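Work through the exercises below with the coordinates open. Each task is followed by a solution in steps.

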Amino acid sequence: MFSKKILLPFAALAMLLTGCSSEVVEKDAIPDLSQEALHAKAKQYASLGDYSNAVDYLVALDSRYPFGELTDQVQLDMIYVYYKAHKTDLARAAISRYNRLNPNSMYADYVLYLSGLTYLQAHGTMLQDFLGFDRAQKDPQNLYDAYKSFNDLIETYPDSPYAKDAYYRLIGVKDQIARREWAIASFYQDKGALISAIRHYQTIVYSFPDTIYVKKALERMIENYEELGLNVPAQNARKVYENSKFDENCL
């Protein structure tokens, strides 16, 4: 978690441990320790899932030893613990800072991965899904930013240990964006604003063709073009439809 090399086993340990440490740390009472000792305490809290205290120790470490031997590692750790503590704005700021100070970092793939996770976290939570909130109605900017982070990771670092998970998360991101486009297109469709509906169907077809919404989007496009008397676009859309192989789960 605290370094690229130990990320996966450290994550597994954190998942097995629940609750927080019984030791409460006052923000203004971080002991006067060496940078190694402060970092060790931060790791200890993080392994227990106590990300609030882990943040406190990392912030103290960063401020007391801004040019220490652990500077780069601490910056990476801060991104992670801010994300785990659901402090998305601070996680974004930490990511921006890290990228600015380390433009050629060997951990760029890891930072891209955390960037994507942070944008997803900002868009919504698992609790919202459980309670039935429809994320399709939310501002999609965080989804587009997550899409870019995961896509950049996959394209730039295809052999990264984070690429596989980024790929599956990207599938979910595309589905959410396509679902939102479908909802907007359906709204315009019901209002009889066929041209506006077509524009959103086109977004699904051309930008997210591997989602479950593409088959119905093409069908609606064809219907709308024909109703509007736009025969050439209708024919072109029909050719695309006939030459496409749709997933059996398509709408």
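**Exercise 1. The nonpolar core**

Task: find which residues touch the most other members of the largest nonpolar core, and which helix gives the most to this core.

Solution. The model is predicted. Its largest nonpolar core has 60 residues, and within this set Val81 and Phe150 touch the most other members. Next, sort the members by helix: helix 4, residues 71–84, gives the most, with 8 residues.

Now take Phe150 by itself and leave out residues up to four places away in sequence. The contacts that remain are Tyr113, Gly116, Leu117, Leu120, Ala166, Arg169, Leu170 and Val173.

**Exercise 2. The span of helix 9**

Task: compare the reach of helix 9 with the reach expected at 1.5 Å a residue.

Solution. Helix 9 covers residues 163–191, which is 29 residues. The expected span is 1.5 Å times one less than the number of residues, and this comes to 42 Å. From first C-alpha to last, helix 9 reaches 42 Å, close to expectation. Just after the helix, glycine 192 takes a positive phi of about 80°.

**Exercise 3. Aromatic pairs**

Task: classify the ring pairs Tyr113–Tyr162 and Trp182–Tyr201.

Solution. A pair of aromatic rings is described by the distance of the centres and the angle of the planes. Centres must lie within 6.5 Å; planes under 30 degrees apart count as stacked, over 60 as edge-to-face and the rest as tilted. The count by this rule is 10 aromatic pairs.

Step 1. For tyrosine 113 and tyrosine 162 the centres are 5.2 Å apart and the angle between the planes is 20°, and the pair is stacked. Tyrosine 113 belongs to helix 6 (residues 108–123), while tyrosine 162 sits in the loop between helix 8 (141–156) and helix 9. The two are 49 residues apart, and the pair links distant parts of the chain. Both tyrosine 113 and tyrosine 162 are buried.

Step 2. For tryptophan 182 and tyrosine 201 the centres are 5.7 Å apart and the planes meet at 50°, so this pair is tilted. Tryptophan 182 is in helix 9 and tyrosine 201 in helix 10 (residues 194–207), so the pair ties together parts 19 residues apart in sequence. Tryptophan 182 has 14% relative accessibility and therefore counts as buried; tyrosine 201, at 0%, is buried too.

Step 3. Look for linked pairs. Ring pairs join Tyr110, Tyr113, Phe150 and Tyr162 into a cluster.

**Exercise 4. Salt bridges**

Task: place the bridges Lys148–Asp152, Asp165–Arg169 and Arg238–Glu226 in their helices.

Solution. The structure holds 7 salt bridges.

Step 1. Lysine 148 and aspartate 152 meet with N to O at 2.7 Å. Both belong to helix 8, 4 residues apart, about one turn of the helix. An α-helix has 3.6 residues a turn, so residues three or four places apart point the same way. Aspartate 152, at 22% relative accessibility, counts as partly exposed.

Step 2. Aspartate 165 and arginine 169 meet at 2.6 Å, N to O. They too are 4 residues apart, both in helix 9. Aspartate 165 is partly exposed at 29% relative accessibility, and arginine 169 is partly exposed at 32%.

Step 3. In the bridge between arginine 238 and glutamate 226, the closest N and O atoms are 2.9 Å apart. Here the partners are in separate elements: arginine 238 in helix 12 (residues 231–242), glutamate 226 in helix 11 (residues 214–227), 12 residues apart. Arginine 238 is partly exposed at 35% relative accessibility, and glutamate 226 is partly exposed at 43%.

Step 4. Salt bridges also link Lys215, Lys216 and Glu219 in a network.

**Exercise 5. Confidence**

Task: state the mean pLDDT of the chain and locate two stretches where the pLDDT is below 50.

Solution. The mean is 85, and 83% of the residues reach 70 or more. Residues 3–24 have pLDDT below 50; this stretch makes 38 contacts in the model beyond near neighbours in sequence. Residues 126–136 are also below 50, with 13 such contacts. Where pLDDT is low, the predicted coordinates should not be read in detail.

Key:
Residues are numbered from 1 along each chain as its sequence is written. This is a predicted model: local features need pLDDT of at least 70, side-chain atom pairs count only at pLDDT 80 or more; totals for chains, interfaces and linings use all residues. Side-chain values use heavy atoms; hydrogens and water are left out. A nonpolar core is a set of buried Ala, Val, Leu, Ile, Met, Phe, Trp, Tyr and Cys residues joined through side-chain atoms within 4.5 Å. Buried means under 20% relative accessible area, exposed over 50%, partly exposed in between (1.4 Å probe, protein chains only). Contact means heavy atoms within 4.5 Å. Rings of Phe, Tyr and Trp (its six-membered ring) pair if their centres lie within 6.5 Å; planes under 30 degrees apart count as stacked, over 60 as edge-to-face and the rest as tilted. A salt bridge is a side-chain nitrogen of Lys or Arg within 4 Å of a carboxyl oxygen of Asp or Glu. pLDDT is the predictor's confidence in each residue, from 0 to 100.
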